[in-house]
Amino acid sequence: MVKFIAGPLAGVATGLSFWESALFSTLGMMTTVLLLTLLGPGIRLWVHKLIGKKRKLFTPNNRRFVRVWKRWGVFGVSFLTPLVFTPIGGALLVNAFSGDRQKIILSMLASAVFWGLVLNGIIYGGKHILPSGIL
């Protein structure tokens, strides 16, 4: 739920199969996304009260995010979430800028499945993806 790459690494360390690890990586990210999306307005107010007044508005990271958001919107941020923003950061960002919960959940799910398969494929070396004997 915190760092997406930890899912595949933990899957290898605990002896999970490729598919189990990919599933749990996806479920971990989606747990965070669902919680933050469904509880979003309340969490947004709490975070704003906590850090809103102390933060600088125009930082290099904020400018980068605004460029990504203007160009690709929810789908772009969702795609980058597992690699760049982490599930918590990405979910907070898309919920702060978009009110369409269905679009957020679907795009985050697509991203989680894609990156879950890709990162697990890299970490597992691609050899555990297909059942034995096929190749």
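This report describes the fold, the nonpolar core, the aromatic pairs and the surface of a predicted model.

**Overall architecture**

The protein contains 5 helices and 0 strands, and its elements follow the order α-α-α-α-α along the sequence. It has 135 residues, of which 34% count as buried. Among contacts with a separation of 6 or more, 75% are made by residues 24 or more positions apart. The protein exposes about 8600 Å², and carbon and sulfur atoms supply 70% of that area.

**The nonpolar core**

In soluble globular proteins, nonpolar side chains tend to be buried together. Here, the largest nonpolar core comprises 18 residues. The residues with the most contacts inside this core are F4, M29, V33, W69, V77, V94 and M108. Three elements, α2 (18–38), α4 (60–97) and α5 (101–123), each give two or more residues to the core. Helix α4 gives the most, with 8 residues.

W69 belongs to the group with the most contacts inside the core. When its neighbours within four places in sequence are left aside, W69 is in contact with V74, V77, V94, F97 and S98. Two of these partners, V77 and V94, are likewise named among the core residues with the most contacts.

**Aromatic pairs**

The structure holds 5 aromatic pairs. Two of them, both edge-to-face, are set out below.

| Pair | Centre to centre | Angle between planes | Geometry |
|---|---|---|---|
| F18 and Y124 | 6.0 Å | 90° | edge-to-face |
| F114 and W115 | 4.9 Å | 80° | edge-to-face |

The pair of F18 and Y124 joins distant parts of the chain: F18 lies in helix α2 and Y124 in the segment after α5, 106 residues apart. F18 counts as buried because its relative accessibility is 2%, under the cut-off of 20%. Y124 is also buried, since its relative accessible area is 8%. These two residues form one aromatic cluster together with W19.

The two members of the other tabulated pair have unlike burial classes. F114 has a relative accessible area of 39% and is therefore partly exposed, as this class lies between the limits of 20% and 50%. W115, at 11% relative accessibility, counts as buried.

**The nonpolar surface patch**

W19, L106, L109, V113 and L117 form a nonpolar patch on the surface. Together these residues have about 450 Å² of accessible area. Helix α5 supplies the largest share of the patch, 4 residues. One of the patch residues, L117, is found in helix α5; its relative accessibility is 33%, so L117 counts as partly exposed. W19 has a place in this patch and also in the aromatic cluster with F18 and Y124.

**A backbone feature in α4**

Most residues other than glycine have a negative phi. T86 departs from this tendency: its phi is near 70°, a positive value in a residue other than glycine. T86 is found in helix α4, the element that gives the most residues to the largest nonpolar core.

**Summary**

Helices α2, α4 and α5 each contribute two or more residues to the largest nonpolar core. Helix α5 also provides 4 residues of the nonpolar surface patch, while F18 of α2 is paired with Y124 in the segment after α5.

Technical notes. Residues numbered from 1 in each chain as written. Heavy atoms only, no water. Core = buried A, V, L, I, M, F, W, Y, C linked by side-chain atoms within 4.5 Å. Buried < 20%, exposed > 50% of the residue type's maximum accessible area, 1.4 Å probe, protein only. Contact = heavy atoms within 4.5 Å. Phe/Tyr/Trp six-rings, centres within 6.5 Å; stacked < 30°, edge-to-face > 60°. Patch = residues over 30% accessible without salt bridge, like charges linked within 9 Å, V, L, I, M, F, W, Y side chains within 5 Å. Areas by Shrake-Rupley, 256 points an atom, 1.4 Å probe, with all protein chains shown as cover. Salt bridge = Lys/Arg side-chain N within 4 Å of Asp/Glu carboxyl O.
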